[in-house]
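Colleague: I'm new to this one, so please pick a single part and take me through it slowly. Tell me, too, how it connects to what lies around it.

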Amino acid sequence: MATKQKSRNRRPSARDRGPRYVEPVLDPNWQSPYVPSATEREANRTAVRRFAWRRRIPATVVVAVVVIALMIGFVISPWLLVAGGVVGAVYGWDLYRSFERLERTGAGVGDGVRDQTREGGSDHDRQRLATVVDRLSATFGVDGVRAVIIDDAGFNATLMRRDGGLVLYVTSALLRDFELIELEGVVAHCLARQRLGLVERQCIAASVSTDDATRRALAGVGQCYRADEVAAAAIRYPLGLAGALHRCADQEVAEGSYFATAAFQMTRWSWFNPFADRSTSDLGDLDDPQLRSLALEEW
């Protein structure tokens with residue numbers, strides 16, 4: 001009887017009183033850091049306009065001084081005020097058109113690569129590459145990519161603008177020696193650049209006449225590393241991309257390769273391995289293939 005009374009008087013424990021299920025709280029504003037955002041793409045597009053504006057600063061200062069001087073001269077003649085307004089309007093229109101002209105300059109970079117290389121690969125190679133490109137294009141939401149194999153002993157690939165569309169150049173050596181998962185990693189990297197808004201930016205960098213440091217800044221320092229992140233997250237196998245980068249880091253460019261020419265110096269920041277002509281690695285550089293490979297192996 002005492003046992004039953006004790007059982008009835010026992011107070012429930014905290015575990016018995018508390019809920020056993022905690023409903024998750026979802027943040028509607030959360031976004032994966034491995035997905036290109038609209039802000040990131042817009043920043044890459046804006047980088048081109050900032051570059052164009054900086055190039056026109058000296059001329060803009062001169063025109064501004066002239067316009068101000070003409071407007072001050074209004075006290076002498078009202079026609080000087082009109083002249084100042086006309087000069088300012090004409091220069092503003094020309095400045096706007098210069099931005100558009102700069103953006104169009106990158107459209108023909110792919111033509112230059114076509115003219116300085118020759119197509120290679122067998123029918124089987126072309127079909128294999130086209131299959132990989134079609135499948136990954138759907139994954140990345142990129143349409144209208146034409147795949148071309150160029151006959152070259154170096155391991156490399158790039159996505160460029162040509163004939164109003166996108167063309168993916170892949171070397172015959174890469175297609176011949178890389179495993180399928182490594183090839184997919186390379187193609188994914190190139191398509192990730194388009195999703196990030198980098199292809200246009202880097203094609204423009206390859207077409208302007210400037211020094212190497214300025215060209216790299218325009219193309220975007222460390223953007224190869226960023227494209228690796230996006231690509232590896234999309235294909236969900238970072239070791240394939242890491243293996244491709246490791247092969248690229250170990251290669252030596254043969255004489256006669258496109259990557260041993262002056263033309264590559266202009267277009268290097270559009271390529272999967274921008275340091276194809278460098279025999280040593282720089283682990284302090286985020287665009288270095290060896291560093292990128294090591295980073296992916298740590299995922």
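Modeller: Strand 2 and strand 3 run antiparallel, and 6 bridges join them. Two strands pair if DSSP finds at least two bridges between them. Strands here are DSSP runs of E with at least two residues, helices are runs of H or I with at least four, and both are numbered from the N terminus. Before we go on, this is a predicted model: local features need pLDDT of at least 70, side-chain atom pairs count only at pLDDT 80 or more, and totals for chains, interfaces and linings use all residues. Residues are numbered from 1 along each chain as its sequence is written, and side-chain values use heavy atoms, with hydrogens and water left out.

Back to the hairpin. Between strand 2 and strand 3 there are 2 residues, and aspartate 163 takes a positive phi near 55° there. Across the pair, arginine 161 stands opposite leucine 166 in strand 3. Strand 2 (residues 157-162) is mostly covered, with 5 of its 6 residues buried; buried means under 20% relative accessible area, exposed over 50%, and partly exposed in between, with a 1.4 Å probe and protein chains only.

Now look at valine 199, in helix 10 (residues 198-207). Setting aside residues up to four places away in sequence, valine 199 touches Leu159, Met160, Arg161, Leu166, Arg193 and Gln194, where contact means heavy atoms within 4.5 Å. So Arg161 and Leu166, the opposite pair from the hairpin, turn up again beside this valine. Valine 199 counts as buried because its relative accessibility is 3%. From valine 199 to tryptophan 269 there are 70 residues in sequence, yet 9.8 Å in space, C-alpha to C-alpha.

Just before helix 10 comes glycine 197, which follows helix 9 and has a positive phi near 80°. Helix 9 has 17 residues and reaches 24 Å from first C-alpha to last, close to the 24 Å expected (1.5 Å times one less than its number of residues). Of those 17 residues, 13 are buried.

That leads to the largest nonpolar core, which has 55 residues; Leu129, Leu168, Val187 and Trp271 have the most contacts inside it. Helix 9 (residues 180-196) gives the most to this core, with 8 residues. A nonpolar core is a set of buried Ala, Val, Leu, Ile, Met, Phe, Trp, Tyr and Cys residues joined through side-chain atoms within 4.5 Å. In soluble globular proteins, nonpolar side chains tend to be buried together. Valine 187 is in contact with Leu129, Val132, Val133, Leu136 and Leu168, leaving aside neighbours within four places in sequence.

Several of those partners come from helix 7, where Leu129, Val132, Val133, Leu136, Ser137 and Phe140 are buried. They cover an arc of only 135° around the axis, so they sit on the same side of helix 7; the arc is that of the directions from the helix axis to the C-beta atoms. On the other side of helix 7, Asp123, His124, Gln127, Asp134 and Ala138 are exposed. The buried residues of helix 7 pack against strand 1 (145-150), strand 3 (165-171), helix 8 (172-177), helix 9 and helix 12 (223-235). That list includes strand 3, which brings us back to the hairpin.
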